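Please open the structure in your viewer and keep the selection tool at hand. The tour below moves from stop to stop, saying what to select and what is found there.

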Amino acid sequence: MTDLINLTLSDAVDGLKAKQFSSKEITQAFLTEIDRSNPHLNAYVVVTADKALAMAEAADKKLATGKSVGKLEGAPLGIKDLFCTEGVRTTACSNILGEFTPPYESTVTQNLWNEGAVMLGKLNMDEFAMGSSNETSRFGPPSNPWRRKGSNAALTAGGSSGGSATAVASDLCLAATASDTGGSIRQPAAFVGVTGIKPTYGRASRYGMVAFASSLDQAGPLAKTVKDAALMLEVMCSADDRDSTSLHLPVPQWTKSIGKSVKGMKIGVPKEYRVAGMPDEIEKLWSQGIAWLKAAGATIVDVSLPHTKYALPAYYIVAPAEASSNLARYDGMRYGARVSGGGSLTDTYEQTRATGFGAEVQRRLLIGTYVLSAGYYDAYYLRAQKVRTRILQDFEAAFEKVDALLTPTTPSAAFAYGEKSGDPVEMYLNDIFTVTANLAGLPAISVPAAVDSQGLPLGLQVIGKALDEEACFKVGAAIEDAAGFNARPERWW
Amino acid sequence: MSVDKNTVRKVARLARIAVAEDRLDSMAGELNGILSWIEQLNEVDVEGVEAMTTPVAMSLPMRKDVVTDGGIRDKVLANAPKTEDGFFVVPKVVE
């Protein structure tokens, strides 16, 4: 039975349709594995066993009759704790949400259930998705299933979608939902050796997603293969009247891009991503990626994105500013945990928020409030939004010459807990290669490509033009093919 | 532009986050660390550049001006820390 959990999502969906096994069987196999492994890995913060089995039973009925069988019928998935799930506690791993149990469903998860998927539970994340190591979760961080050769040190699975990454990499679900504001899908994907994609801004509805920075937040999947990621994304995306920034465009059949040749494609290599102090192994991986794509028939073109170095500082104005507005709603009045201040209403607000928000969230809210405060708006927020335009213009100029860009996903492999939590800025630098795609709203995929000398996975990133996820999937699949990445973490848990 | 203790106190008040008096200094230090790193944006020439509002140009969708939701009082109240007779109960707002 245990081999069912090792299947890819695409194979599992095919197996279910061919009645090789039932949804109840594969769902039970995952629940058993979660029972055994989650105490060590801490990927799930809620396990919805009863709901999963009920959903599996409903899927099995449909599969038996063969009528209205969904694209994901009977496939068990994990859901990042950022997506509101009706009747299932959703806290974005923050204390301030208390035992919040949404009376409604997010559009992204509803799309998955409409296609027959089964929910196994809610996955760990950084509090409000603010972090790159999952250390800011109220439930403590998950453990990366990978460890350095000959070391027992617990490594981060990245952040903010660390729980989703851990669950996919250790076979605790077939695939998972995640979200990406500055790299929160792609960095964890690279750290655990799985695939993750952030679509073009507006492809996936933000309705029912706990908001962090509204102009940057996008949902996307973490999955075992590029094809699985395409299948997940196809179902997750939709035009949605409940999100005014949702793109009212048809969702392409991305699974059909897999396997299409990259012959004749022009792939840009941005010189500014060769940052000072980048480890040789990352440099080597990048050169290897270039060689693979050349061998597959693509042409490599050197390009320049001159404003790259300003992306992170701009992000650390825009994201905290938007967060400080979005998180103003957590006042302890209508939902969440209220902490009485004893005195005035303002005291209650202040105590509720001081108690409910963790240190990193408070830090960002203070930064955000400061940069938006009277007299500073032009110098900070407005300037940052103008720098953002410059970054977008860089990309537009590059995309006149090339079809997609190839970069490393992260400047290093997974690090150990505590290694980078001392200095906020050092932690922020993790997102140096990923954050530009958020600021410009572009689609970007991370594909596992190699292991480093310590035995840890490393990822390559492909950034596409706006609305051209297909290029990400095509080039991503070409890298996947060439890399033949089949390393698995050695089981220690 | 560096922040001092008094600025942190003021910003914390604006953000409605209680910060203990003895933490103001260390917080000012942390914020200054981040703000001084952000200062490099001043090097960028943004003369005549429009602020970015949306990454993909599109017009806002229109819909009919009709009620699309509502009549779910109990759902709205379901997660409240304190309710009474179909209302939220909050600390005294008007003295």
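**First stop: a helix of chain A and its charged pair**

Begin by selecting A:Glu360 and A:Arg363, which both lie in helix α11 of chain A, three residues apart, about one turn of the helix. This is a predicted model, and in it the side chains of A:Glu360 and A:Arg363 meet in a salt bridge of 2.2 Å, taken from N to O. A:Glu360 counts as buried at 11% relative accessibility, and A:Arg363 is buried as well, with a relative accessible area of 14%.

Keep A:Arg363 on the screen and add B:Glu30, which forms a salt bridge with A:Arg363, the closest N and O atoms being 2.7 Å apart. This pair crosses between chains, from helix α2 of chain B, where B:Glu30 sits, to helix α11 of chain A, which holds A:Arg363. B:Glu30 counts as partly exposed, at 28% relative accessibility. If you now add A:Arg364, you have A:Glu360, A:Arg363, A:Arg364 and B:Glu30 together, joined into one network by salt bridges that share partners.

**Second stop: where the chains meet**

Widen the selection to the contact between the chains, which takes 64 residues from chain A and 48 residues from chain B. The area buried between chain A and chain B is about 5,200 Å², and carbon and sulfur atoms give 70% of that area.

How many salt bridges are counted between chain A and chain B? The count is three, and a pair to select here is B:Arg13 and A:Glu350, whose side chains meet in a salt bridge of 2.5 Å, N to O. On the side of chain A that touches chain B, at least two residues each are supplied by α9 (311-326), α10 (345-356), α11 (359-372), α12 (378-398), α13 (424-428) and α14 (435-440) of chain A. Colour α12(A) next, since the largest share of that side, twelve residues, comes from this helix. The residues of the side of chain A that touches chain B divide into 34 nonpolar, 18 polar and twelve charged.

For a polar contact, select B:Glu39 and A:Tyr380, whose side chains are joined at 3.3 Å. B:Glu39 is found in the loop between α2 (24-38) and α3 (73-77) of chain B, and B:Glu39 is partly exposed, with a relative accessible area of 24%.

Then move to A:Thr245, placed in the loop between α7 (226-236) and β7 (266-270) of chain A. Leaving out residues up to four places away in sequence, A:Thr245 touches A:Tyr201, A:Gly202, A:Arg206 and B:Met58; with the side chain of A:Arg206, the side chain of A:Thr245 makes a polar contact of 2.9 Å.

**Third stop: chain B on its own**

Hide chain A and look at chain B, which has three helices and two strands, following the pattern α-α-α-β-β when read along the sequence. The radius of gyration of chain B is 23 Å, well over the 12 Å that the globule rule gives for 95 residues, so chain B is more spread out than a compact globule. The C-alpha trace of chain B spans about 55 × 45 × 25 Å along its principal axes, and buried residues make up 29% of the 95 residues in this chain.

**Last stop: a buried glutamate**

Bring chain A back and select A:Glu33, which lies in helix α2 (residues 23-41) of chain A. A:Glu33 counts as buried at 4% relative accessibility, and a polar contact of 3.2 Å joins its side chain to that of A:Arg36.

Methods:
Residues numbered from 1 in each chain as written. Chains lettered and ligands numbered in written order. Predicted model: local features only at pLDDT ≥ 70, side-chain atom pairs only at ≥ 80, totals over all residues. Heavy atoms only, no water. Contact = heavy atoms within 4.5 Å. Buried area = accessible area lost by both parts, 1.4 Å probe. Salt bridge = Lys/Arg side-chain N within 4 Å of Asp/Glu carboxyl O. Helix = DSSP H or I, 4+ residues; strand = E, 2+ residues; numbered from the N terminus. Nonpolar A, V, L, I, M, F, W, Y, C, P; charged D, E, K, R; others polar. Buried < 20%, exposed > 50% of the residue type's maximum accessible area, 1.4 Å probe, protein only. Polar contact = N/O pair within 3.5 Å; in protein donor to acceptor, adjacent residues only side chain to side chain. Rg over C-alpha atoms; globule rule 2.2 N^0.38 Å.
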